[in-house]
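Colleague: Put the model up, please, and let's go through the words people use for it. I'd like to hear the reason behind each label.

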Amino acid sequence: MGKIKNQKFELSLNQLLPNMMTIAAICLGVTAIKHGFESRFQSAVQLILLASILDGLDGRVARLLRSDSKLGAELDSLADVLNFGVAPPFVLYFWALQDLQGIGWFSVQIYVVCCVVRLARFNVASKSDEEVNSGGYLTGVPAPAAALLVMLPMYFSFAFEMVNLLPSLAICGHLILIGFLMVSNIPTWSFKVVTTSPKNSKYFLIGFAVIGAAVLNYVWITLIGLCISYILLVLTSIITGKAQRHR
């Protein structure tokens with residue numbers, strides 16, 4: 001028998017781009033924790049938001065370039081744990097909870113554990129296509145939205161230049177509440193099922209431009225508005241779900 005030649009597979013930089021974006025997001029999340037430790041809180045929050053954007057784009061870029069891989073999926077999951085489950089509560093802890101010592105750190109641990117459980121549940125459900133039901137809803141608050149919501153007290157502080165807008169114990173309660181919402185069975189609206197007709201696409205693009213301009217010019221006020229809008233969506237989902245169950 002002749003010798004079997006080893007086949008060599010080469011990857012282009014385009015195929016590696018999604019994984020490079022994920023690694024960049026991880027670096028941003030780690031740097032955000034460092035900035036929080038150094039009391040550079042606004043830049044820490046901005047780094048987390050930028051990491052979240054990269055983390056949300058890498059999967060779509062991978063599908064667009066047809067470079068999906070098991071390695072990329074694992075990297076993305078680990079990046080989610082860091083950027084949504086570790087960096088936000090750590091920055092929040094450095095900002096307002098260090099003086100509480102035990103209870104402050106306890107609330108951070110609860111949030112981190114809830115986020116890890118949420119992501120594990122999502123990974124299992126996504127493999128069996130159970131996470132998004134026919135109505136286009138997720139089970140529990142997704143980790144990216146939770147990361148955005150958990151930093152809401154900081155947005156208020158930055159927007160109105162008030163260091164201690166809320167008592168530290170209230171922030172602990174807020175942290176734990178968001179953690180529990182991640183692992184709850186509350187139906188939450190999924191942005192992945194959003195569709196628009198070609199006729200209305202121009203209004204969608206205009207709305208996106210308005211939000212983008214608002215973020216660039218009034219970042220903290222805009223983030224407050226987005227958080228409140230999402231909370232209203234969750235409440236609407238809960239009320240709608242209860243109404244359907246009682247029919």
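Modeller: Let's start with burial: buried means a relative accessible area under 20%, exposed means over 50%, and partly exposed is in between (1.4 Å probe, protein chains only). Helices (H or I, at least four residues) and strands (E, at least two) are DSSP runs, numbered from the N terminus. In helix 5, Ala143, Ala145, Ala146, Ala147, Leu149 and Val150 are buried.

Colleague: Where does all this come from, and how are the residues numbered?

Modeller: It's a predicted model, where local features need pLDDT of at least 70 and side-chain atom pairs count only at pLDDT 80 or more, while totals for chains, interfaces and linings use all residues. Residues are numbered from 1 along each chain as its sequence is written, and side-chain values use heavy atoms, leaving out hydrogens and water.

Colleague: What makes you call helix 5 mostly covered?

Modeller: Just a count: helix 5 spans residues 143-150, and six of its eight residues are buried. Across the whole protein, 38% of the 247 residues count as buried.

Colleague: And which elements does the protein have, in what order?

Modeller: Nine helices and two strands. From the N terminus on, they run α-α-α-α-β-α-α-α-β-α-α.

Colleague: Why are helix 5 and helix 7 called roughly antiparallel?

Modeller: Their axes come within 10 Å and cross at roughly 165 degrees. Axes here are lines fitted to C-alpha atoms, for helices over the stretch in contact, and angles run from 0 to 180 degrees between N-to-C directions. Under 35 degrees counts as roughly parallel, over 145 as roughly antiparallel, 65 to 115 as roughly perpendicular, and the rest as oblique. Helix 5 and helix 7 therefore land in the roughly antiparallel class.

Colleague: Which residues meet there, and what kinds are they?

Modeller: Contact means heavy atoms within 4.5 Å. Ala143, Ala146, Leu149 and Val150 from helix 5 meet His174, Leu175, Ile178 and Met182 from helix 7. They split into seven nonpolar, one polar and no charged. (Ala, Val, Leu, Ile, Met, Phe, Trp, Tyr, Cys and Pro count as nonpolar, Asp, Glu, Lys and Arg as charged, and the others, Gly among them, as polar.)

Colleague: What about helix 3 and helix 7: how do they pack?

Modeller: Helix 3 (residues 70-97) and helix 7 (residues 168-182) pack at about 165 degrees, with axes 10 Å apart. That angle makes helix 3 roughly antiparallel to helix 7. On the helix 3 side, Pro89, Leu92, Trp95, Ala96 and Leu97 make the contact, and on the helix 7 side Ser168, Ile171, Cys172 and Leu175. Sorted by kind, that's eight nonpolar, one polar and no charged.

Colleague: Now the rings. How many aromatic pairs are there?

Modeller: Eight. Rings of Phe, Tyr and Trp (its six-membered ring) pair if their centres lie within 6.5 Å; planes under 30 degrees apart count as stacked, over 60 as edge-to-face, and the rest as tilted.

Colleague: Why is the pair of tyrosine 93 and tryptophan 105 called edge-to-face?

Modeller: Their ring centres are 5.2 Å apart and their planes sit at 70 degrees, so the pair is edge-to-face. Tyrosine 93 is in helix 3 and tryptophan 105 in helix 4 (residues 102-127), so the pair ties together parts twelve residues apart in sequence. Both rings belong to one aromatic cluster with Phe37, Phe90 and Phe94.

Colleague: Are those two buried or partly exposed?

Modeller: One of each. Tyrosine 93 has a relative accessible area of 14%, so it's buried. Tryptophan 105 has 34%, so it's partly exposed.

Colleague: And what makes tyrosine 155 and tryptophan 220 a stacked pair?

Modeller: Their centres are 6.1 Å apart and their planes are at 20 degrees, so the pair is stacked. Tyrosine 155 is in helix 6 (residues 152-160) and tryptophan 220 in helix 9 (residues 219-245), 65 residues apart. Both residues are buried.

Colleague: Last one: how do you know that glycine 85 counts as buried?

Modeller: Its relative accessibility is 3%, so glycine 85 counts as buried. Glycine 85 lies in helix 3, and leaving aside neighbours within four places in sequence, it's in contact with Asp80, Tyr111, Val112 and Cys115. Compare aspartate 76, also in helix 3: at 23%, aspartate 76 counts as partly exposed.
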